[in-house]
Amino acid sequence: MAKFGIEFIHFLADLEVNNNRDWFNANKERFKTSVEKPFIEFIDHVIVLLNMEGASIKIKAKDCVFRIYRDVRFSKDKSPFKLHMSALVSPGGRKDFLHPGFYIEFTADKLRIYAGIYEPQKPLLEKIRQKISKHPDLFKKLYTASSFRKTYGEILGEKAKQLDAQWRSLAEKEPYIYNKAFYYKCETDAALLLEKGLDRWVIQAFKAARAMNEFLYFK
């Protein structure tokens, strides 16, 4: 199990007020030792935990962890660095947008877990809607399950303004058919990084999302 220290939190908090290359370069060793290294070790640990719970993840943390450097080419915000560490634990790692994943994001004050499908392309979105249309009761049972509602609350995602005719009648019974994405989020205070409950929180979030993730999964 990776050991997070208070310096992990302090570095990200300091980066928020010093988001420039000069400061980062002067503190790069601090970043590598106190932030990047424990985070990578933690993601490897998470993969082991999830596989123990029945997942089948054959990749390593290096395939999952995102770089802290921002792509600012098409952004008005030219801040060069992200204010969080993140990883996408899924069959294809951080480049996998086809399968429901387990996205982990740590900031200086919050720990967040996202699951589900964030940006499905149109063919996948159509498959999801077709599956919901064939199994509306099962779909509703999954998102109204007590563990799902307690952990994630609801399914998130941008809504379509209009629907093709084939989905309109279903939308009266199942409003989530309007969704263009199907993801869910839980969060807790970053202080948990320094406590013994971190593993338990991650596993509980995984278990609460598993059935819905499996519903949204297509080979």
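1. Phe102 has Ala115 of E3 as its bridge partner. The model is predicted, and local features need pLDDT of at least 70, side-chain atom pairs count only at pLDDT 80 or more, and totals for chains, interfaces and linings use all residues. Residues are numbered from 1 along each chain as its sequence is written, and side-chain values use heavy atoms, with hydrogens and water left out.

2. Strand E2 (residues 101-106) pairs with strand E3 (residues 110-117) in the antiparallel sense, over 6 bridges. Strands here are DSSP runs (E, at least two residues), numbered from the N terminus, and two of them pair if DSSP finds at least two bridges between them. A hairpin of 3 residues leads from E2 to E3.

3. Phe106 bridges to Leu111 in E3. Phe106, in E2, is also the bridge partner of Met85. E1 and E2 run antiparallel and are joined by 5 bridges.

4. E2 is largely enclosed by the rest of the structure, because 5 of its 6 residues are buried (under 20% relative accessible area, against over 50% for exposed and in between for partly exposed; 1.4 Å probe, protein chains only).

5. The sheet is open and has 4 strands, in the order E1-E2-E3-E4, with antiparallel pairing. Its edge strands are E1 (85-89) and E4 (182-189), each of which pairs on one side only. From one strand to the next the twist averages 15°, where axes are lines fitted to C-alpha atoms and angles run from 0 to 180 degrees between N-to-C directions.
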